[in-house]
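Good morning, colleagues. I would like to present one structure today, beginning with a pair of helices and ending with the cysteines.

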Amino acid sequence: MGKVEMLDCTLRDGAYIVDGKFGRDSIAGIIDMLSNARVEYVECGWLKNEEHDIDSTYFSVPKDLLPYVKRDTSVKYSLMIDYNRYDVDKLSESEGYVDFIRVVFPYGKIDEGVEVGKKIKNKKYGLMFQLANTLKYKDSDLIEVCKKINEVEPYAIYVVDTFGAMYEDDLDRIVDVLDKYLNKNIKLGIHTHNNRQLAFSLSIQFINKLKNEDRDIIIDSSLCGMGRGAGNATTELVSSYLNKKCNKHYDLDNIMDAIDTYMTYYEEHFRWGYSTSYFIAGLYCSHVNNISYLLKEHNTNSKDMRAIIESLSDEERLKYDYDILEKKYIENQNRKVDDSKNIEYLKKEFLEKNILIVAPGKSVIRNFDLVEKYILEKKPIVIGVNAIVDKYKKYYDYLFFVNLLRYKYAKNKDLPYFENIKKIILSNIKSESDEDIVINYDHSIKTGYKFFDRHQPPPRF
């Protein structure tokens with residue numbers, strides 16, 4: 001087989017997690033330890049149309065990399081650009097601060113990506129291409145890509161599992177075409193995402209697929225899999241595999257030191273890696289920002305999230321239009337019911353009455369004596385919201401639920417009590433009335449507020 005090499009992209013892909021703000025010492029330290037570990041390529045961050053901050057892995061020009069790197073080493077340094085988000089005219093001819101610039105472009109933008117690549121190569125930089133969402137390319141698309149890429153002769157071209165949606169047969173199909181039609185002097189790389197927990201296994205599949213071919217290959221990875229959403233194949237796993245199976249000699253002690261010294265902090269303060277939510281992104285080839293939005297704005301449960309993403313068109317899933325996503329969210333939640341009788345009933349029940357809302361939280365327990373005194377003196381209608389707090393069970397007149405998970409939790413917590421108390425329930429939970437008072441979801445929310453419908457996990461009282 002050809003040569004097998006590794007590219008660590010912690011500082012570039014991990015920039016999504018920390019907004020590039022790794023800190024000067026961490027940037028220099030991670031680069032140094034990966035160099036000492038004999039990793040062939042270290043991707044140091046992004047080129048952006050903004051002034052460089054010394055603590056950031058967003059660089060304005062390659063020279064900004066100078067404070068962090070050593071040139072008396074065999075490691076090669078790379079930076080990445082989005083094909084249409086960086087002004088390549090800013091680049092001077094290469095002065096040796098960076099060895100490669102990787103250009104990422106989406107499906108349907110091969111011509112634009114190639115033109116950007118030509119400008120980079122003309123300025124004497126090494127050139128790599130990333131085929132974002134390679135899974136979308138049909139065989140005929142891949143053949144056309146190879147023809148255009150061959151004319152430019154980049155250093156490498158990458159298969160990119162953007163949405164973590166590939167299976168082994170998908171990768172086999174793509175690699176078969178690329179290896180057949182791509183010039184043999186062009187290295188073939190792979191960049192995997194872990195939405196289905198297949199990032200490492202697909203990297204191995206890629207190696208085994210090409211082990212009998214005369215082509216050099218590059219495996220992307222990051223320390224602890226750090227990267228947006230479900231993250232990437234991990235450098236520690238890939239390097240140990242290559243040492244054992246491909247006769248490589250990466251220094252695992254330096255890789256472990258990099259993790260212990262720098263990555264522990266990020267793991268404690270930030271979140272990435274496999275989750276059910278990011279599995280859904282992979283299931284539907286959806287941009288990770290759609291998932292992030294639903295989690296951040298509404299803490300959407302997995303079943304609803306899947307229904308919302310499924311309701312988007314293929315094109316809507318690829319981008320992240322938050323207006324469309326918000327509309328789909330509300331449509332999913334708002335199961336229409338005829339609530340006119342229930343509204344009239346509640347109006348009569350609550351007319352000229354004192355109402356006490358008992359929301360879940362530690363303060364309702366801490367201040368129980370004060371609240372109880374108010375209840376005994378004022379005789380209000382007591383409504384528990386989204387939870388059964390044991391101390392208040394004898395005072396509740398109604399329970400009010402707006403969240404399915406909290407509804408199910410309360411039901412399982414105390415079924416006899418739950419069944420015998422009056423409940424007001426929004427139609428996003430159930431549309432059939434039974435003995436419950438069901439109100440249309442859109443009668444009870446007011447969009448436009450930042451947290452008009454933020455669902456929190458069930459409280460543990």
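Which residues in H3 meet which residues in H9? Before I answer, a word on conventions. This is a predicted model, in which local features need pLDDT of at least 70 and side-chain atom pairs count only at pLDDT 80 or more, while totals for chains, interfaces and linings use all residues. Residues are numbered from 1 along each chain as its sequence is written, and side-chain values use heavy atoms, with hydrogens and water left out.

From H3, Asp25, Ser26, Gly29, Ile30, Met33 and Asn36 meet Asn254, Asp257, Ala258, Thr261, Tyr262, Met263 and Tyr266 of H9; contact means heavy atoms within 4.5 Å. The residues of this contact comprise 6 nonpolar, 5 polar and 2 charged.

As to geometry, H3 spans residues 24-36 and H9 residues 252-269, and their axes come within 8 Å, crossing at roughly 160 degrees. The two helices are therefore roughly antiparallel, a term applied to angles over 145 degrees. Their crossing is left-handed, that is, the near helix is turned anticlockwise from the far one by less than a right angle.

I turn now to the cysteines. A disulfide is taken as a pair of cysteine sulfur atoms within 2.5 Å, and by this rule the count is 0. Why does Cys224 form none? The closest cysteine sulfur, in Cys9, lies 13 Å from that of Cys224, too far for a bond. Cys246 is likewise in no disulfide, and its nearest cysteine sulfur, again that of Cys9, is 19 Å away. Cys224 counts as buried because its relative accessibility is 14%, buried meaning under 20% relative accessible area with a 1.4 Å probe, protein chains only. Cys246, at 18%, also counts as buried.

Terms used
Buried < 20%, exposed > 50% of the residue type's maximum accessible area, 1.4 Å probe, protein only. Axes fitted to C-alpha atoms, helices over the stretch in contact; angles between N-to-C directions. Helix = DSSP H or I, 4+ residues; strand = E, 2+ residues; numbered from the N terminus. Parallel < 35°, antiparallel > 145°, perpendicular 65-115°, else oblique. Nonpolar A, V, L, I, M, F, W, Y, C, P; charged D, E, K, R; others polar.
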